[in-house]
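Here are some short exercises to work through with the model open beside you. Try each task before you read its solution.

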Amino acid sequence: MTRYTGFTKEIWEAFRADARPGPVQMLNLIKLRERADYPDGRVASGRDAYAEYSRISAPVLERLGGRIVWRGGFELMLIGPQAEAWDICFIAEYPSVGAFAQMMRDPAYHEALPHRQAGVTDSRLIRFAPQPGGVNFAGG
């Protein structure tokens, strides 16, 4: 099974190339390791490692004008691979593609990344353009 914990250079370039104006919403689906995988061998749960990542990175998100717009607790996969279950699910909103890119370059965010890498065994990060809500599934 392929696991995803970071993006490729090609995907990053495509993300940056589509720097349309306005906010960007990022759906985050996170599967945690039972035991964190730190290179130095320190002992922590995946949840604790991810909590440390969050503690360090949250001020960066706030400083750049980002916010968490939705958070949910995974319950059941109705359509899709039954083996996919997510420990943490949320949507982060950034004011722009540039703000997200700036976060990726921020020294404090770089301090947080080893904790994410240690705690996460699989993830999905999906970019969306915000659209207004509605009363039907097609967006009208």
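**Exercise 1.** Is Glu-52 buried, partly exposed or exposed?

*Solution.* Keep in mind throughout that this is a predicted model.
- Step 1: The relative accessible area of Glu-52 is 24%.
- Step 2: Buried means under 20% and exposed means over 50%, with partly exposed in between.
- Step 3: Glu-52 is therefore partly exposed.

**Exercise 2.** Find the salt-bridge partner of Glu-52 and place the two residues in the fold.

*Solution.*
- Step 1: Glu-52 forms a salt bridge with Arg-55, and their closest N and O atoms are 2.6 Å apart.
- Step 2: Helix H2 holds both residues, which are three residues apart, or about one turn of the helix.
- Step 3: Arg-55 has a relative accessibility of 54%, so Arg-55 counts as exposed.
- Step 4: For a case with shared partners, look at Glu-84, Asp-122 and Arg-124, which salt bridges join into one network.

**Exercise 3.** Work out which parts of the chain the Asp-18 and Arg-127 pair ties together.

*Solution.* A reminder helps here: side chains of opposite charge can pair when their charged atoms come close.
- Step 1: The side chains of Asp-18 and Arg-127 meet in a salt bridge at 3.5 Å, N to O.
- Step 2: Asp-18 sits in the loop between H1 and E1, while Arg-127 belongs to strand E4, so the pair links parts that are 109 residues apart in sequence.
- Step 3: Asp-18 is partly exposed at 41% relative accessible area, and Arg-127 is partly exposed at 23%.

**Exercise 4.** Do the same for Asp-87 and Lys-31.

*Solution.*
- Step 1: Between these two side chains, a salt bridge spans 3.9 Å, N to O.
- Step 2: Asp-87 lies in the loop between E2 and E3 and Lys-31 in strand E1, so this pair ties together parts 56 residues apart in sequence.
- Step 3: Asp-87 has a relative accessible area of 32% and is partly exposed; Lys-31, at 29%, also counts as partly exposed.
- Step 4: For the whole model, the count comes to nine salt bridges.

**Exercise 5.** Describe the largest pocket: its space, its lining and the elements that build it.

*Solution.* Rolling a probe the size of a water molecule over the atoms shows where empty space is left.
- Step 1: The largest pocket holds about 880 Å³ of space.
- Step 2: Its lining has 34 residues, and Asn-28, Phe-100, Tyr-109, Arg-116 and Leu-125 lie nearest the centre.
- Step 3: Elements giving two or more residues to this lining include helix H1 (9-17), strand E1 (24-32), helix H3 (97-105) and strand E4 (120-128).
- Step 4: Helix H2 gives the largest share, six residues.
- Step 5: By type, the lining divides into 22 nonpolar, eight polar and four charged residues.

**Exercise 6.** Leu-125 appears in the pocket lining; which surface patch does Leu-125 also help to form?

*Solution.*
- Step 1: Leu-125 is placed in strand E4 and is partly exposed, at 39% relative accessibility.
- Step 2: Leu-125 joins Phe-7 and Ile-11 in a nonpolar patch on the surface, and together they have about 280 Å² of accessible area.
- Step 3: Ile-11 comes from helix H1 and is exposed, with a relative accessible area of 53%.
- Step 4: As a distance check, pick Leu-125 and Ile-79: their C-alpha atoms are 19 Å apart in space, and the residues are 46 apart in sequence.

Methods. Residues are numbered from 1 along each chain as its sequence is written. This is a predicted model: local features need pLDDT of at least 70, side-chain atom pairs count only at pLDDT 80 or more; totals for chains, interfaces and linings use all residues. Side-chain values use heavy atoms; hydrogens and water are left out. On a 1 Å grid over the protein atoms alone, a cavity is a set of points where a 1.4 Å probe fits but cannot get out, and a pocket is an open set with protein on both sides within 12 Å along at least five of seven lines; lining residues have an atom within 4 Å of a point. Grid points are joined across faces, edges and corners, and a volume is the space filled by probe spheres set on the points. Helices (H or I, at least four residues) and strands (E, at least two) are DSSP runs, numbered from the N terminus. Ala, Val, Leu, Ile, Met, Phe, Trp, Tyr, Cys and Pro count as nonpolar, Asp, Glu, Lys and Arg as charged, and the others, Gly among them, as polar. Patches are made of residues with over 30% relative accessible area and no salt bridge: like charges are joined within 9 Å, nonpolar side chains (Val, Leu, Ile, Met, Phe, Trp, Tyr) within 5 Å. Accessible areas come from the Shrake-Rupley method with a 1.4 Å probe; for residues, only the protein chains shown count as cover. A salt bridge is a side-chain nitrogen of Lys or Arg within 4 Å of a carboxyl oxygen of Asp or Glu. Buried means under 20% relative accessible area, exposed over 50%, partly exposed in between (1.4 Å probe, protein chains only).
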